[in-house]
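Here are my notes for your first read of this entry. Keep the structure open as you go through the points.

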Amino acid sequence: MPISTPASAESVAPVARKRRRNFLRPGGYPALPIAILMITLIIPALFSQWLAPYGPEATNLRARLQPPVFFGGDWSHPFGTDRLGRDILSRTMHGAWYALSISVVGIFVGVVIGSSLGLIAGYFRGWWDTIIMRLVDISLALPAMLLALALAALSGPSFQSVIIVVAFVLWAYFARQVRAEVLGLRERDFVARAVVAGSSHLAILRRHILPNVVNTIVVLATLQVGIVITLEASLSFLGIGIPRPIPTWGLMVADGRQLLTSAWWVSFFPGLAILLTVLSVNLFGDWLREKIDPKSRRV
Amino acid sequence: MQRFFLVKLVESAIALWVITLIVFGLTHFSGNPVGALLPDDASPEQVAFLINKLGLDQPIHIQYLRFLGNAVQGDFGLSMKWPGQSAMDVVLSRLPATLTLGGMAMLISVVIAIPLGVASATRKGTIVDSFAQGIALIGQSMPSFWLGIILIWVFAVGLGMFPTSGSGTWAHLVLPAISIAWFQISALTRLTRSAMLEVLDAEYVKLARAKGVSEPIIVWKHALRNAAVVPLTYFGVLAGSVLTGSVVIETVFSWPGLGWTAIEAIKARDFPVVQSVVIVFAVIFILANLLVDLLYAYIDPRIR
Amino acid sequence: MPNIRSVARRTMMACAVSSIVGTAAFAQNVVVAIDPGSAESNLYWETIGGLIPPNMQSLVGNDPETGVYDASGLAESWEHDEDFTRWTFHLKPGAVFSGDWGPVTAEDVVHSVALHTGDDSRLSGIQSLRAATVTADGDHTVHFDLPNPDPDFLFLHAGRAVLVVYSKAQYDAEGLEGYARNPAGSGPFTFVSRDLGNTLKYDVAKDHWSGSSPRYDSLELRFVGEPATRLAMLLAGEADIVSLPRELQPEAEAQGHQTISSAQASVQTAFVLSGLFMDPEGPGAEMGLPWQDVRIREAMNRALDREALIDVLYEGRAEPLVVFSMDPRFDGHVPELARRFEAEYGHDPDRARELLAEADYPGAFANPVIPIAATALGGSPEFGLMAELVQAMFADAGLQTEIREMDWPTLQNARLGFTADFAHPMRNAPVRPNGIGVLASYTEQLSPAYSIGSRELDGMGDRLIETKDLEERAALIRDMFTYVFDNYAHMPIATISAEVVANPQRVAGWTFPGSSSSGFSHFELIETAD
């Protein structure tokens, strides 16, 4: 279970200066990851209602487990169909919306909670810090999968329960990162000057601390997308993800896993969508970090 | 130092107490075990007996106090899914399997990720770098159960190199360990890479270069020794994620470890076992972090 | 009921003939991979009894071909009094426990009944045994005195297996701990080890008292929850026999493996409704469940394309079911209902829409949405898919639906607490005698949680319990099934056999009747390929 990410320590490490431009970065921005993201995630997420050839839940029992085009199938179902004859292309496209919304909402909730607490802990220190950091420890010591299972047993799996699990996995991590940054900023001259000048805590937090950590938060948040999407898939595997027949990629892969040898396409295309999305989000996140992380700029 | 140790100890104890609250609450609000443990045609007497035996007919705070009192003594009651066994025994008997699997996974990730990270740092921007990063990223981009099943098909069914599932021999360990390790490899590779990049720029490395020390010695001896600190400090977190990662992988591979036990216990609403798993996990995690804190304090007295 | 004793005799002769066997040339271990059960213990009464431990025996067995009660268990014969309240079993005099714990006697049976009916018993169907007074009459005769007539008492011992016989001698010497460590049984296998959640190992009993022994050396039951992993085990040669969801079977067959079906129908599946919906004052009325209206129930049934369901869920290998819990092999079957089925239950979305319009659906309903529980249940891997399919078919007919994903314990708790407000997949496994099935599936008598809340039906159930006359009972059961059918009380789907897939290089065949809860039994009849 992805509790942590490489970014956690890497964000502290300085990153390269003059990167040679390679095929990924023709114009200074990562063209390929962005293009892939647009194709696999953003465009289908926003426009699948109009672009997808079928409804995501439209079954056709006469066309069950049709192979994809070029593998014995035809253009009526370019990615083939699943056990209920649902069009995999359409489902994968609709799945993008759920991937995007789970990521955005889940990360947003986790980030807001985690960063706020991290800000408080790092800025006020003392008891605040002790209590919040103990909460962080407690949260890390609780296996998130078990929380997810308990939640699912409690109220049935739902979009909300998935969001809660995502937020639970992320908040402690953000609290830690933001606290560490704020602890450093707190010692800087401009904060000291603001304190001397008599600014209120709120004003200092708003004017001096937050703007300096927001970049880190954005970069780290970007890098969580992959973790959230694979987490959702694992939840679906355990039967505690977003309930069927909603076409999340995770559920599609989990449902198709048994047919891996007989109807590989059922899990392959949503799996590929996960792979490409996570890959490109991570590449994009790396690029973003180099671009706006204050620490990398310092180098 | 003693005071520091004491404070840390008290903090850990409080954390553990909060965890018992959470675990108790979660298990008890997740429905009662009657539906899981009794047949569809369970008679009212069967239901009543089970409820009474588990103390579920008591007020919730009494249940909690009773639970806490026993828990302090390491007694979480009898397992319900595995009748006749104490819950703690079930969990402790599963712990070695998970530790073996987790240990193997960490070993694999270190053996692969450190050289990969170093290679990718020393050849930054080359094909090697892109390849290493690609491998690393793929590990993070695939749902672990999918990776596990693909590994089973390729290496167990297709090539017949390893058993598909179960436990017993070292060969059984390989595929599940790789499935867990791959995700860690991504993390470690990227960490090692960035740490190495930093260290390779340091003055003493430049000095060593100027002195004409050979490049491999600079990289593997001087630089890595210093760079290794970063991934090592990351190990505590890594160990934690290995344990939780095992929940899914142990299910795929029928590996009889803690993760598998946890899933089965939750499905059966076997509260004592669920509680034991979480508490054991939390104790391990907290102890590990306590140890890390103490080590830091020992190395760097300013922290005290 | 056919003449049981003559069947018993025939089977014993068959056993005697088949006992002349050659010895295998090399040690042969048979590995069977199946779904894990809900609880695991060497103390059988602490499980719900899905799988009879291969080293243990109950009093009555099932014929492997016909599934009819036979003397393959510990009793060589049995009789009952006129009103079915006293059942007497005569134990086989030669039966002995493994591990030198001596002969199987009536005392062992009495002792085992006491253990099985204790407070901690989780066995399915234990109520009837609890109500019985059990007395030993000499070494080899046991009487069961029942408060109510029970013509289906043999089912409790055979398919339902509420009682397996443990050794009292072992208990006196070692207590329950001895049972937990190494339970002595009288079956054709001896216990070797249990690795919780993983493996159960048995050796074949050498020179078994019955004179017949399996033709292999050891049996290993592996519990593997993930079907894809079980398939991989079969294909990699790690397991000889595996249970697979039907959709994975073609994959195994394509690789040369062979599907083996139980000789008889093993499971009935249906879509059932909750909320005591026929009771105008029941919880269903409070929750405003749409299926309290019979027109909605008929529309739901009309919406189902059972042919397609059977195709998708069972690869076409299933018999359509007419009434859930009704089986042609037992008394009380109503053949006429099968003839009426097409006209009254046949797939007809237009008729469904008409009915809905007639009932002013959804306008006249406060709560028109039909929640469908999608659930996974060990041994019924198709239930999740069934829920999705049924949802699609309901939607086609104009019914509003909503899928609720939940695990079986959650569903079961909702049913037990009468808070369930959904339709869900259900199974009847093993297929029970009609008299038991009709009570358990529809009335408040055996499983109140699954009652449909009809006073009329409950009244018939009360009479059924007291009736001794077989003819009268059969008539009552027929009336009850007809009532259920006429009221569209459930959505019957299919009757299926239990199936496994075997590696033909290791296993030549296996005859099992499909009469136990898990569907599997008679492991001694696995024929290995030499």
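1. Start with two strands of chain C in this predicted model. Strand β8(C) covers residues 189–195, and strand β9(C) covers residues 199–204. They pair in the antiparallel sense, over six bridges. One of the pairings puts C:R194 of β8(C) with C:L200 in β9(C).

2. What links β8(C) to β9(C)? The two form a hairpin, with three residues between them. Look for C:G197 in the turn. Its phi is positive, about 75 degrees.

3. β9(C) has a further partner, strand β10(C), at residues 218–223. These two also run antiparallel, joined by five bridges. Find C:L200 again: it stands opposite C:L221 in β10(C). So much for this part of the chain; now step back.

4. Chain C as a whole holds 17 helices and 19 strands. Its C-alpha trace spans about 75 × 55 × 40 Å along the principal axes. How does its radius of gyration fit a compact globule? For 530 residues, such a globule would have a value near 24 Å; chain C has 24 Å, so the two agree.

5. Of the 530 residues in chain C, 62% count as buried. Consider contacts in chain C with a separation of 6 or more: 71% of them involve residues 24 or more positions apart. The chain exposes about 18,600 Å², and carbon and sulfur atoms supply 49% of that area.

6. Now count charges. Chain C carries 37 positive and 76 negative side chains. The centres of the two sets lie 1 Å apart.

7. Chain B has 14 helices and zero strands. Its C-alpha atoms fill a box of roughly 85 × 60 × 30 Å, again taken along the principal axes. Of its 304 residues, 54% count as buried. Among chain B contacts with a separation of 6 or more, 73% come from residues 24 or more positions apart.

8. What does the surface of chain B consist of? About 12,600 Å² is exposed, and carbon and sulfur atoms supply 70% of it. Chain B has 19 positive and 17 negative charges, and the mean positions of the two sets are 13 Å apart.

9. Last, go to chain A and find helix α9(A), residues 249–256. Why can α9(A) be called largely enclosed by the rest of the structure? Eight of its eight residues are buried, so the description follows. Among them are A:W249, A:L251, A:M252 and A:D255.

Note on methods:
Residues numbered from 1 in each chain as written. Chains lettered and ligands numbered in written order. Predicted model: local features only at pLDDT ≥ 70, side-chain atom pairs only at ≥ 80, totals over all residues. Heavy atoms only, no water. Pairing = 2+ DSSP bridges. Helix = DSSP H or I, 4+ residues; strand = E, 2+ residues; numbered from the N terminus. Rg over C-alpha atoms; globule rule 2.2 N^0.38 Å. Buried < 20%, exposed > 50% of the residue type's maximum accessible area, 1.4 Å probe, protein only. Contact = heavy atoms within 4.5 Å. Areas by Shrake-Rupley, 256 points an atom, 1.4 Å probe, with all protein chains shown as cover. Lys, Arg positive; Asp, Glu negative; His and termini not counted. Charge placed at Lys NZ, Arg CZ, Asp CG, Glu CD.
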